[in-house]
Amino acid sequence: MSNSELSNRALAALPGGVSHELRYRAPHPIYVERAAGAEKWDAEGRRYIDFKMGSASQMLGHGHPAVVEALQRQAARAIFSADCHEAEIEWAEWVNRLFPCAERTRFTASGSEATMLAIRLGRAWSGRDKVLRADGHYHGWHDHTLKGAKAGSLQAASLGVPDAVTGLIEVCAADPLAMQAALQDNSIGTVIIEASGANYGSVPLPVETLRALHDTARAAGAVLIFDEIITGLRWSPGGRQARDDIVPDLTTLAKVATGGLPGGAVCGRAEIMELMNNSAARDGLSPPVSHKGTFNGSPLIAAAACAAMPLLATGEAQAQADAMAERLRDGLNALMARHGIAGCAYGESSTCHLLFGAADPAGLNPVEIRSVPPVLVAGLRGGLLARGVDLMSHTSCVTSAAHTPELIDEALDAFDAVFAALVQDGVLQ
Ligand code: PMP
């Protein structure tokens, strides 16, 4: 079936034809049948160089043999019995070794569940219901994370989120003075920050700013959560906190940390994490913080994660992905200069973000950075897709250890053609 035939079928079976609203595309999405390394193929047999990489989860590349072999071996032994098993211990030990804040780790079934649990722990430990978050940072789709997810807006980005919940969420700029002012409100007990800066670093968060935010939250006595769902095992094996030596109380993980399979984790200080210990009791509750979830720490995911961890712990995979992102950024900056396009490619680690109309994101606010005209986003992404290149989201890319200089250069040829077309059509100048 063609992509458009599959889309027609999907529209009658799935709301909007999709299982995740960001997979929606007009006139229709591509339907991917196979992925290997840094490439993937759709239902029409068309090949794409992939800069989405499973929403940044496939750090080792699609279908890494060690991960595939571990999954096959585990599937033959037991897919899921909902019991304790040794691999979940080994997996938690990896996390506890790699992440400086991690004295204990608890697994969840998704990244959103990890932020939900971390926020519950922050509230339970601090005894305060209010949570402070940074404008535009993304922490998943549940009720407690939607206010402030869209930069510059205080409206929860969905109907169905009770005002009683959004009333407990305060939003401030990712700026130490703004955070300090917000924390004057003594009812705030928890602070959550995307460790990269908003949207995997499309709004950069310089190291001295992150350090000052950490110090400010600490000084106010709030439980500080770093959301390292993107940065964990990507910015460095121990995430941004290990790379820059800025250690929060709690950390949320998913994507790379779960072997590129569905799942998530919260790790952090033992005294907070032990609120989930069944032998602890507080206020008549034992354990004081409840956490369940049928598929938490499932053996299949644990097997994949334990197979991936030794490959991710050395830093070599990250170094390769970083080098390829740098090659992509350098190539894009050269292309933009050659086409006379005002803008730049930037980003930390294995990310690459495109900014149009300004030479540097520093000094711009999140709304300015994120407000790319829809016609430009659609033209860029649609043009690249037609030439066999898929971006992660918006105007951003991630690379993996499977990207090669040849693939980056081939992708740059596609960008070259798309930039030329967008300039010719007057969409870019
Ligand atoms: N936090 C961050 C920083 C993320 O990037 C994501 C996913 N893109 C989430 C939370 C939510 O994770 P999930 O999609 O697994 O629920």
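This passage describes a central strand pairing, the cysteines and an internal cavity in a predicted model.

Strand β5 spans residues 130-134. The strand is mostly covered, and five of its five residues are buried. Its side chains part in two directions. K130, L132 and A134 point one way. V131 and R133 point the other way. Burial holds for both sets, the charged residues K130 and R133 included.

β5 pairs with two strands, β7 and β6. Strand β7 covers residues 188-194. Four bridges join β7 to β5, and the two run parallel. Within this pairing, K130 has I188 as its bridge partner. Strand β6 covers residues 169-172. The pairing of β6 with β5 is also parallel and also rests on four bridges. Here V131 of β5 stands opposite I169. K130 and V131 thus offer one reference point each for the register, K130 towards β7 and V131 towards β6.

The cysteines were examined next. The structure holds zero disulfides. C101 is accordingly unpaired, and the nearest cysteine sulfur to it belongs to C267, 4.1 Å away. A disulfide requires the two sulfur atoms to lie within 2.5 Å, so the C101 and C267 sulfurs do not qualify. C101 has a relative accessible area of 4%. The cut-off for burial is under 20%, so C101 counts as buried. C172 is likewise buried, because its relative accessibility is 6%. Residue 172 is also the last position of β6, the strand that pairs with β5.

Empty space inside the model was then considered. Rolling a probe the size of a water molecule over the atoms shows where such space is left. A search of the whole structure finds one cavity of 30 Å³ or more. The largest cavity holds about 40 Å³ of space. Its lining consists of S202, Y346, H353, L354, L355, I369, R370, V372, H394, T395 and S396.

Two elements, β12 (351-356) and α14 (366-370), each supply at least two residues of this lining. The largest share comes from β12, with three residues. H353, L354 and L355 fall within the β12 range. I369 and R370 fall within that of α14. By class, the lining has five nonpolar, five polar and one charged residues. The charged residue is R370. Among the nonpolar residues are Y346, L354 and V372. The polar residues include S202, H353 and T395.

Key: Residues are numbered from 1 along each chain as its sequence is written. This is a predicted model: local features need pLDDT of at least 70, side-chain atom pairs count only at pLDDT 80 or more; totals for chains, interfaces and linings use all residues. Side-chain values use heavy atoms; hydrogens and water are left out. Buried means under 20% relative accessible area, exposed over 50%, partly exposed in between (1.4 Å probe, protein chains only). Two strands pair if DSSP finds at least two bridges between them. On a 1 Å grid over the protein atoms alone, a cavity is a set of points where a 1.4 Å probe fits but cannot get out, and a pocket is an open set with protein on both sides within 12 Å along at least five of seven lines; lining residues have an atom within 4 Å of a point. Grid points are joined across faces, edges and corners, and a volume is the space filled by probe spheres set on the points.
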